[in-house]
Amino acid sequence: MGNLLAYSGLTTKVKAMQSHLLTASQFQEMANLESVTAAVEYLKRQPAYEEVFSGTEPGELHRGAIEQLLIGSEYHDFAKLYRFSNLSQRKFLNLYFGHYEVAVIKRCLRSLIGQYPLELDLYAFQNFFERHSSLNIARLLEAKSLPEFTSALEDSSFFPLLSHLSREENLSLFDYENSLDMFYFNTMWKTISKKLKPDDRKILIQCFGSRLDMLNIQWIYRSKYYYHMAPADIYAMLIPIQYRLKTSDIHKMTESESMDSFFSAFHETRYGKDPEIAQVSQPHPEAVANLVNQHIYQYTSRKDPYSIAILNSYLYFKEQEIRRIITIIESIRYKIDPQKILDSVMNPLKGGLAS
């Protein structure tokens, strides 16, 4: 009864917001549009995006501006849920917010280290981060060197990590991003395990435990396929947390001598034995992660609708929706076949574009 009382209002709010998430048929309609302008016009007619695209001229929006508006919609939903939540629920949301912080730090690092131009105007999100975060986006964007960038994080929980990394030599952007991911998920896991209520803890361990497993599988794959790293170096970059993966699973995948043997080892894991996944001999690990996460988040929110699962699930699916929309718009821009677009965002195991 306690959970019902605590979550009845929030669950009603989330379900109303869920009703505005795009359906499979709406994604299909978008994928069949002939221009980016038409896709933006389509979004303007959807309740979830009507406000953020209000006052814009679709034909004048470049890629970065569209992505910025979509991410702004995601942040807007988070802020709306935050205002509606009680103190206990805000504990989870404060913890979840670290995900957004890591994303912003990564974008700034890519621009600084990789010399990539920033397509997003991160200053537009400054007010949002001032309300929920200790990150100073303005200082991060003004940094011209890694020491300046590290100094800009001095008031945040990321400062000790970046200070340590700044003393290492010859680190790549990949090293920084991997370290940030490990820091976030380690922090998330420890906080879930120690500070949340037992019912909330059980739900979040199920969701984040599987995500940690999926990240380790993806990193082993990427390390072997793209970087041809030695097993010792791969072990060093993995998150030291296992949920449903066994130590022997990690060992077999990491020590595999070819991609064929990697996938043979993967199919011996609990995830690889899933009937839907087992049908594909060499499924892309990112597609596997999307499928596994989708099933788990759907299951937990249906099983415990009056719990932290309803918040956790909505934020996850909103983020996935934004990714799908961005993928569809970019695919339309490059005149990719509509069926390939749909397979990439709705049926990732069929292959095609990364979702």
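These are my notebook entries on a predicted model of a single structure.

**Entry 1. The chain overall**

I looked up the secondary structure before anything else. The chain comes to 20 helices and 0 strands. I then took the radius of gyration, which is 21 Å; the globule rule gives 20 Å for 355 residues, so the chain is as compact as a globular protein of that length. Along the principal axes, the C-alpha atoms fill a box of roughly 55 × 55 × 50 Å. I also asked what share of the chain is buried. Of the 355 residues, 50% count as buried.

**Entry 2. Helix H19**

I went to H19, a helix that runs from 308 to 333. H19 has 26 residues. From its first C-alpha to its last it reaches 38 Å, close to the 38 Å expected at 1.5 Å a residue. Is H19 enclosed or open to the outside? I counted 21 of its 26 residues as buried, so H19 is largely enclosed by the rest of the structure. After H19 comes Lys-335, and I noted that its phi is positive, near 60 degrees.

**Entry 3. The second largest pocket**

I noted a volume of about 360 Å³ for the second largest pocket. It is lined by 16 residues, and those closest to its centre are Leu-21, Leu-22, Gln-298, Phe-317 and Arg-324. Three elements give two or more residues to this lining: helix H2 (24–31), helix H18 (285–303) and H19. Which of the elements gives the largest share of the lining? It is H19, with 5 residues. Sorted by class, the lining of this pocket has 6 nonpolar, 7 polar and 3 charged residues.

**Entry 4. The cavities**

I searched the whole structure for cavities of 30 Å³ or more and got 2.

The largest cavity has a volume of about 60 Å³. I listed its lining as Arg-63, Ile-66, Glu-67, Leu-70, Ile-326, Ile-329, Glu-330 and Arg-333. H19 turns up again here: H19 and helix H5 (63–84) each supply at least two residues of this lining. By class, the lining of the largest cavity divides into 4 nonpolar residues, no polar ones and 4 charged ones.

The second largest cavity has a volume of about 40 Å³. Around it I found Tyr-96, His-99, Tyr-184, Phe-185, Phe-208, Arg-211 and Glu-319. Helix H12 (173–195) and helix H13 (198–225) are the elements that give two or more residues to this lining. Its classes are 4 nonpolar, 1 polar and 2 charged.

**Entry 5. Cysteines**

How many disulfides does the model have? The count comes to 0. I checked two cysteines for exposure. Cys-108 has a relative accessible area of 4%, so I entered this residue as buried. Cys-207 is at 1% and therefore also went down as buried. The cut-off I used for buried is under 20%.

**Entry 6. Loop residues**

I picked out three residues in loops.

Gln-115 lies in the loop between helix H7 (98–113) and helix H8 (126–132). Its phi is near 60 degrees, a positive value in a residue other than glycine. Is Gln-115 buried or exposed? The relative accessible area of Gln-115 is 62%, and because exposed means over 50%, I entered Gln-115 as exposed.

His-228 sits in the loop between H13 and helix H14 (231–237). His-228 is not a glycine, yet its phi is positive, about 50 degrees. With a relative accessible area of 64%, His-228 is exposed.

Lys-144 is in the loop between helix H9 (137–142) and helix H10 (146–151). It counts as exposed, at 68% relative accessibility. I also took a distance from this residue: Lys-144 and Arg-131 are 13 residues apart along the chain, and their C-alpha atoms are separated by 26 Å.

Note on methods: Residues numbered from 1 in each chain as written. Predicted model: local features only at pLDDT ≥ 70, side-chain atom pairs only at ≥ 80, totals over all residues. Heavy atoms only, no water. 1 Å grid on protein atoms, 1.4 Å probe; cavity = no way out; pocket = protein on both sides within 12 Å on 5 of 7 lines; lining within 4 Å. Points joined across faces, edges and corners; volume = space filled by probe spheres on them. Helix = DSSP H or I, 4+ residues; strand = E, 2+ residues; numbered from the N terminus. Nonpolar A, V, L, I, M, F, W, Y, C, P; charged D, E, K, R; others polar. Disulfide = S-S within 2.5 Å. Buried < 20%, exposed > 50% of the residue type's maximum accessible area, 1.4 Å probe, protein only. Expected span 1.5 Å × (residues − 1). Rg over C-alpha atoms; globule rule 2.2 N^0.38 Å.
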